[in-house]
Every structure is written in C-alpha cells, then in structure tokens.
Amino acid sequence: MSKHQYSTATSPSSTPLQLYTAGTPNGRKTHIFLEELKAQYGLTYDVHPISLGKNEQKEPWYLKLNPNGRIPTLVDPNRGGFAVFESAAILLYLEQHYDTTTKFAFDPATRADDWSEMLQWIFFAHGGLGPMQGQAGHFLNAAPEDIPYAKKRYVDETRRLFGVLQLRLAGRDWLAGPARGTYSLADMNAFPWVNGHAFTGVETLDEFPDVKAWTERMKERPAVKSGLQIP
C-alpha cells in the first residue's frame, strides 16, 4: 500500500495547485503547509514567485486574483480555479479540502473544543504577531525617517506577544490540543513570524525559553525545512 493516502483532489491525476508567493512570513506559512500535505498525501503544487520589489502584486492580473494586492494567493484548478487570499484563510481552505484524514487540525464535529482552540491561536497570530511584527520591521528597517516612539511601541508589543506565547507553551510542545498539544495549523501559522524575531527587534528568544524550544522543534520537521526554502 502506498505511504500516501489519496483523495480525489490529491490523487496523482489531479492538477497542481497554483501558489503566488514570496519569501515573507505570510508566504512561508503556506509553503510549510503545502509541503506537509505533499509529504502526507502526495499533493502537488506550482510556485509562482511574486516580486514585491517590483510591485508585481499590484499589477491588474494579480489584483483579479487578490484585490488586496498582497501575497500569498492560492488558485485551485481542481475546484474551478477558485482563488483564496489571506494566509490564514489559505491554511484553513487547504485543511478543509486537502487534509483528508485531518492530520494537521481537529475535527470540529468530534473535537469542537480543540478546533476552537486552534482557531483562537490562529487568530491571535493573524491579528497580533503579523501586524505588530510587520510594523516593527518597517520602522526598524524601512521607514524613511527615524521615529523612536514607533520603533519602541511595536518592538514592545512584539515582546508582549512573545510573552503570551511563552505562557501558553510552558509545559507544552504545541499551541493547540490537549495535554502537551498536537502539531497543527496553529503552529504553522505563528512560527514564520516568531522565527523572524531578529528582523523585528527581538535579537534573541532567550527570555522566552519555551518559545525558543518550540521554534527549534518546528525547525526539525522536514516540511518546515523545505518550506522555508520556497520560493
């Protein structure tokens, strides 16, 4: 028996998914999940690198796929060319349609609390880590003028959010699930931002030892290693 468990959507005869992306934390979270699905089920996908420096994400052809003009965007030719934007929405879409044995999430019908817990940590990262670290990175590395207040505000908030993760991960391996937790979308969604901590003003994770251990645990996974190399 094949090591892969196929559904119709992930069978060898299916058409590869199309991912428009770049090497940012939001891009990398989708890369990681697609690599996990590739290893688990044999899912195939094509990568289309988007040049953010050339504002390719603002071109008319791209805005037809993603009116927000950001990366990543997923196009699913197996479902009529359906397009999905927003990285967390892409993770949930892939989970719904391609994680056919629920290896990377929880069944909302039979494990409703675990499913809710996973969503809580996804939204925590999507509404907290991403925006705050994004602003910290901007004011530290890209702003045309030095604004100490802005730098301090967003670096301090990044540290506060890392503190929340430290509280959660104390005595745990993963963000969601019972006991020590279960590896899930919650971890994939948060990890790329935390892994970029130095760019956003937190030079080391030593003051957050359980967060640091979690990032090292993440980086041991083959799909995470390969996902970080895309595109």
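1. Arg180, in this predicted model, has a relative accessibility of 44%, and it therefore counts as partly exposed. Its side chain takes part in a salt bridge with Asp173, in which the closest N and O atoms are 3.2 Å apart. What a reader should look for around Arg180 is one of the 11 salt bridges that the structure holds.

2. A second pair to examine is Lys219 and Glu216, whose salt bridge has its closest N and O atoms 3.4 Å apart. Both residues belong to helix H7, which covers residues 209-219, and they are separated by 3 residues, or about one turn of the helix. An α-helix has 3.6 residues a turn, so residues three or four places apart point the same way. Lys219 counts as partly exposed because its relative accessibility is 30%, and Glu216, at 39%, counts as partly exposed as well. Salt bridges with shared partners also link Asp173, Arg180 and Arg217 into one network.

3. The salt bridge between the side chains of Asp146 and Lys151 has an N to O distance of 2.5 Å. How do its two partners stand with respect to the surface, buried, partly exposed or exposed? Asp146 has a relative accessibility of 54%, which is over the 50% cut-off, so it counts as exposed. Lys151, with 24% relative accessibility, counts as partly exposed.

4. For the charges as a whole, the chain carries 24 positive and 25 negative ones, and the mean positions of these two sets are 2 Å apart.

5. Turning to the overall fold, the chain contains 8 helices and 4 strands, and their order along the sequence is β-α-β-α-β-β-α-α-α-α-α-α. The radius of gyration is 18 Å, close to the 17 Å that the globule rule gives for 231 residues, so the chain is as compact as a globular protein of that length. Along the principal axes, the C-alpha atoms fill a box of roughly 55 × 50 × 30 Å.

6. Of the 231 residues in the chain, 45% are buried, while the accessible surface amounts to about 11,000 Å², with 53% of it belonging to carbon and sulfur atoms. When contacts between residues at least 6 apart in sequence are considered, 66% of them join residues at least 24 apart.

7. Which residues of helix H6 are buried? This helix, residues 185-195, is mostly covered, since 10 of its 11 residues are buried, and among them are Leu185, Met188, Phe191, Trp193 and Val194. Asp187 and Asn189 also belong to the buried residues of H6. The cover over these buried residues includes helix H1 (25-41), helix H3 (87-98), helix H4 (112-141), helix H5 (148-169), H7 and helix H8 (222-227).

8. His197 is located in the loop between H6 and H7, and because its relative accessibility is 13%, it counts as buried. Leaving aside residues up to four places away in sequence, His197 touches Gln133, Phe162, Val202, Glu203, Thr204 and Leu205. His197 can also be compared in position with Gly137, since the two are 60 residues apart in sequence while their C-alpha atoms are 9.2 Å apart in space.

9. The backbone deserves a careful look at several places, with this background in mind: most residues other than glycine have a negative phi, and most peptide bonds are trans. A cis peptide bond joins Ile71 and Pro72, with omega at about 0°, and Pro72 is placed in the loop between helix H2 (60-65) and strand E3 (73-76). Another cis peptide bond joins Ile230 and Pro231, where omega is about -5°, and Pro231 is in the segment after H8.

10. Where in the chain does Asn55 lie? Asn55 is in the loop between strand E2 (45-49) and H2, and although Asn55 is not a glycine, it has a positive phi of about 55°. Its relative accessibility of 42% means that Asn55 counts as partly exposed. Thr102, in the loop between H3 and H4, is likewise a residue other than glycine with a positive phi, near 50°, and Thr102 counts as partly exposed because its relative accessibility is 32%.

Key
Residues numbered from 1 in each chain as written. Predicted model: local features only at pLDDT ≥ 70, side-chain atom pairs only at ≥ 80, totals over all residues. Heavy atoms only, no water. Helix = DSSP H or I, 4+ residues; strand = E, 2+ residues; numbered from the N terminus. Rg over C-alpha atoms; globule rule 2.2 N^0.38 Å. Buried < 20%, exposed > 50% of the residue type's maximum accessible area, 1.4 Å probe, protein only. Contact = heavy atoms within 4.5 Å. Areas by Shrake-Rupley, 256 points an atom, 1.4 Å probe, with all protein chains shown as cover. Lys, Arg positive; Asp, Glu negative; His and termini not counted. Charge placed at Lys NZ, Arg CZ, Asp CG, Glu CD. Salt bridge = Lys/Arg side-chain N within 4 Å of Asp/Glu carboxyl O.
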